[in-house]
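User: Please take a close look at one part of this model for me. I would like to know how the chain is divided and what lies where the parts touch.

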Amino acid sequence: MAQLAIKGGEAVIKPGEVKNWPPIDKTDEELIIAALHEPSQCRGKYTKLLEEEFCAFNGNKYAYFTNCGGSALQMCVAGCGIGAGDQVIVTSYTWPSSASCIIHNMAVPVFVDIDPETFLIDPAKIEAAVTPRTKAILCVHLHGLCCDMDPIREIAKKHNLKIIEDAAQAHNALYKGQKAGTLGDCAAFSFNQNKCMTSGEGGLFVTNDKEIFDRGLTLTGFGDMQPTKDTDSFPAYAFAHKFCNNEITAAYALAELRKFPYYYKQLLANAKTLHTILQAANIKGLKLPYEPAICTHNWYNYNLRVDFEALGMGDKTPAEKSEFRHAICRALQAEGVVCCVWQRCILPEMTIFRAQNAYGKGYPWAVPGASDGVDYSLKNFPEAIKYCYSHIAIVQILRAPNDEQMAAKVANAIIKVFNNLDELK
Ligand SMILES: Cc1ncc(COP(=O)(O)O)c(C=O)c1O
């Protein structure tokens with residue numbers, strides 16, 4: 001049996017073999033240089049082209065290019081008319097921006113546990129979290145897999161709730177053939193450096209609803225885009241930051257959007273190769289990600305999970321399990337696999353939610369009635385906690401221009417490490 005690289009053996013993937021993400025070529029260079037020569041460096045020609053082409057690509061009517069996905073999310077929440085004293089339901093396992101966008105609108109996030117197979121908000125647990133204060137369900141299409149929207153839509157309809165999509169990781173992910181970003185009332189995409197569509201940093205606020213769009217826009221440009229009745233210029237509503245992006249970044253995003261069909265095809269082919277080899281290998285102690293038949297994953301993140309029961313380690317503490325999972329991750333990295341441990345704790349465990357103090361003096365939780373029915377006890381989120389200590393995330397190594405050969409090497413490295421787990425104990 002080959003010796004693990006972390007123990008001095010030869011790595012499966014050699015230094016320099018993994019190609020950079022994103023692959024920069026003439027499309028990026030020409031558009032970026034052209035943008036530099038534009039008379040307007042903010043919200044000019046390239047931003048307009050990006051917004052129009054993204055709308056055409058994704059099936060949205062309105063789009064606004066932001067400086068990041070987090071600000072696009074904040075615009076979604078504002079766009080839905082959510083404010084002080086309101087509650088928004090969101091998954092307990094996600095990136096903090098999925099919940100901080102709620103707080104930034106002075107509303108309170110209400111967390112729900114995840115489905116243990118999809119790692120997404122468990123629709124069966126949502127209705128119990130609805131209170132008279134609930135205004136929206138924020139669906140995070142985590143790892144590039146869409147939430148199960150039909151039951152979520154039913155709950156939203158019954159309780160008159162808006163649906164906001166956090167599609168930061170879900171470019172071109174499909175639910176019953178329909179694209180992420182068109183499944184609810186409005187959505188946010190991220191273009192940060194890790195995403196399947198990137199411009200280094202950036203985001204998009206999208207919707208088909210003009211009212212939501214206009215309300216969301218009140219958070220941009222210092223708030224000066226606040227619609228005004230008495231004058232066309234600078235209403236000086238003055239409540240916002242600057243969420244707009246610049247022309248150079250827009251040109252970069254536009255180039256990447258135009259190359260996306262190739263990226264997407266390659267990513268799906270790579271994930272399929274990896275998945276097929278790992279399935280056939282039937283490795284003890286390894287759980288593979290699950291793709292429901294009604295969804296098409298975009299494989300932003302191909303998630304491995306360590307099956308501690310199968311390894312006879314079911315009685316270990318969460319800390320011991322987490323440490324062993326880290327050891328596996330380090331061994332995979334030594335084999336040349338680009339992988340990491342993503343979120344290590346669930347959102348209700350994070351300091352801001354334990355302290356329930358964001359804007360000082362306990363706000364927004366201290367707004368009268370805002371915390372009614374809100375319970376952040378960790379016992380409410382067993383599946384999300386389990387996921388934290390068992391997962392390993394494989395992200396950029398599956399992206400173009402890395403191809404199926406690289407995906408096969410990743411599979412071989414995983415098989416090698418899992419066949420030698422005793423060496424890591
Ligand atoms: C699920 C999710 N939501 C929101 C964000 C925020 O996006 P950005 O980093 O562009 O602000 C991220 C970023 O990684 C994310 O993964």
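Analyst: The domain assignment splits the chain in two. Domain 1 covers 5-19 + 260-343 + 385-424, and domain 2 covers 26-257. The model is predicted. Taken over C-alpha atoms, the centres of domain 1 and domain 2 are 29 Å apart.

Now look at where they touch. Domain 1 brings 20 residues into contact with 22 residues of domain 2. On the domain 1 side, two elements give two or more residues each: α7 (247-281) and β11 (295-296). Helix α7 supplies the largest share, four residues. Sorted by class, this side of domain 1 has twelve nonpolar, seven polar and one charged residues.

Next, a pair of helices. Helix α3 (residues 69-79) packs against helix α6 (residues 210-217). Their axes are 7 Å apart and meet at an angle of about 120°. That angle makes α3 oblique to α6. The crossing of the two helices is right-handed. From α3, the contact uses Met75, Cys76, Ala78 and Gly79. From α6, it uses Ile212, Phe213, Arg215 and Gly216. By class, the residues of this contact are five nonpolar, two polar and one charged.

Helix α3 also has a part in the surroundings of the ligand. There are 16 residues around the ligand, and Cys68, Gly69, Gly70, Ala168 and Ser190 come nearest. Two elements give two or more residues to this shell: α3 and α4 (97-103). Helix α3 gives the most, with three residues. The shell has six nonpolar, nine polar and one charged residues.

Technical notes. Residues are numbered from 1 along each chain as its sequence is written. This is a predicted model: local features need pLDDT of at least 70, side-chain atom pairs count only at pLDDT 80 or more; totals for chains, interfaces and linings use all residues. Axes are lines fitted to C-alpha atoms, for helices over the stretch in contact, and angles run from 0 to 180 degrees between N-to-C directions. Angles under 35 degrees count as roughly parallel, over 145 as roughly antiparallel, 65 to 115 as roughly perpendicular and the rest as oblique. A crossing is left-handed if the near helix is turned anticlockwise from the far one by less than a right angle, and right-handed if clockwise. Two residues are in contact if their C-beta atoms, placed from the backbone, lie within 7 Å. Ala, Val, Leu, Ile, Met, Phe, Trp, Tyr, Cys and Pro count as nonpolar, Asp, Glu, Lys and Arg as charged, and the others, Gly among them, as polar. A residue is near a molecule or strand if its C-beta atom, placed from the backbone, lies within 6 Å of it. Domain bounds come from an automatic or database domain assignment.
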